[in-house]
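Trainee: I would be grateful for a close look at a single part of this model. Please take one helix and what surrounds it, and explain each term as it arises.

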Amino acid sequence: MTGFYWHFFVFCALGIFLILMVYRILAIVRMPTHLRWELAPIPHKKPKKRRKDSYPKEYEWWHKKQRKSLTGVVSYMAGEIFLFRGVWKNNRTLWPFSFAMHLGIYMVILSIVFHVLNALFIITGMTGYINDVFKNIAAVIALAGYILGTVGAIGLILKRTLDVDLRNFGSFSVYFRLVFLAAIFISGIITWFYVGDFALTMSVFTRDLFTLNAAITTNTYLAVHLIISLLFILYLPFTPMTHFITKYFTYHAVRWNDEPLNTKMEVGLSELKHQTSTWSAPHIPPGKTWAEIAEKKPNDEKTA
């Protein structure tokens, strides 16, 4: 694949990915009001507030101005994003592989940032000491990311296959995503060793993309690695792996949302109450509004 085809494939893949991700974000934003967890303590409360059992125990707390802590939120999210604290607490045997795979992804993304910077250096003629340093950093980070990602992805495949407790929750799509990721990492390792100067090759390829160079070309190893990676980018918005976006809403709109009831919430909840149920369950008859269902006394409820 040379010239125009690379430009078309790369920019189309990235463009479609961004459009689909924006669509998914807008779809989430427009979803009905979520059922809040109403748990305490919440990270965005000031440390003094978090030390209490539950701030709603305070007299008429909804009339008081709640002071929020950005530090608490950033600290909590950093632990989740970079250390996978939730996996460590709930499934420690799964943590090493999950951590390795995600760290590998982060490092590969970081290496791409360095490739872009190096490409800009080449375009502007800044091919000196800084460019060499960035190129070496990109090469080391990329290789480390590919190795960690490979260990993590293969480890998760084996863990899900051999662990009886996890095997029952496995599906074709889960294994397919892990194999897809493993293919990216393994092809990256092969490319890194067989291309020669991997970081320079990637930087030149990126430069040719930016400058729309019609003579852009790649060797077979890099071409395979790039095609697998771009196909995965196209596939990503259709998978649960978009949790890197949806987690924000899960935490801030569901787990940590403790705003007192206001007019806007009342209007939204009123609209939801008057929606017709489409459930098919003995305890929730279809065809009635949720308000009617909530007011209906269960058949097995005892009266005094």
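Mentor: The account below follows helix α5 and then the pocket that it helps to line. This is a predicted model, in which local features need pLDDT of at least 70 and side-chain atom pairs count only at pLDDT 80 or more, while totals for chains, interfaces and linings use all residues. Residues are numbered from 1 along each chain as its sequence is written, and side-chain values use heavy atoms, with hydrogens and water left out.

Helix α5 spans residues 95–124; helices are DSSP runs of H or I with at least four residues, numbered from the N terminus. Phenylalanine 97 has its place in this helix. With a relative accessible area of 27%, phenylalanine 97 is partly exposed, because that term covers values between buried (under 20%) and exposed (over 50%), computed with a 1.4 Å probe on protein chains only. Leaving out residues up to four places away in sequence, phenylalanine 97 touches Val151, Gly152, Gly155 and Leu156; contact means heavy atoms within 4.5 Å. Its C-alpha atom is separated by 8.6 Å from that of lysine 159, 62 residues apart along the chain.

Helix α3 (residues 70–83) packs against α5 at an angle of about 95°, with the axes 9 Å apart. The axes are lines fitted to C-alpha atoms over the stretch in contact, and angles run from 0 to 180 degrees between N-to-C directions. The angle makes α3 roughly perpendicular to α5, a term for 65 to 115 degrees. Here Ile81, Phe82 and Leu83 of α3 meet Trp95, Phe99 and Tyr106 of α5. The residues of this contact comprise six nonpolar, no polar and no charged; Ala, Val, Leu, Ile, Met, Phe, Trp, Tyr, Cys and Pro count as nonpolar, Asp, Glu, Lys and Arg as charged, and the others, Gly among them, as polar.

Helix α5 also gives the most to the lining of the largest pocket, with 11 residues. A pocket is an open set of points on a 1 Å grid, where a 1.4 Å probe fits, with protein on both sides within 12 Å along at least five of seven lines; lining residues have an atom within 4 Å of a point. The volume of this pocket is about 1,900 Å³, meaning the space filled by probe spheres set on the points, which are joined across faces, edges and corners. Of its 50 lining residues, Ile105, Ile109, Phe232, Leu236 and Phe244 lie nearest the centre. By class, the lining divides into 38 nonpolar, eight polar and four charged residues.

Technical notes. Helix = DSSP H or I, 4+ residues; strand = E, 2+ residues; numbered from the N terminus. Parallel < 35°, antiparallel > 145°, perpendicular 65-115°, else oblique.
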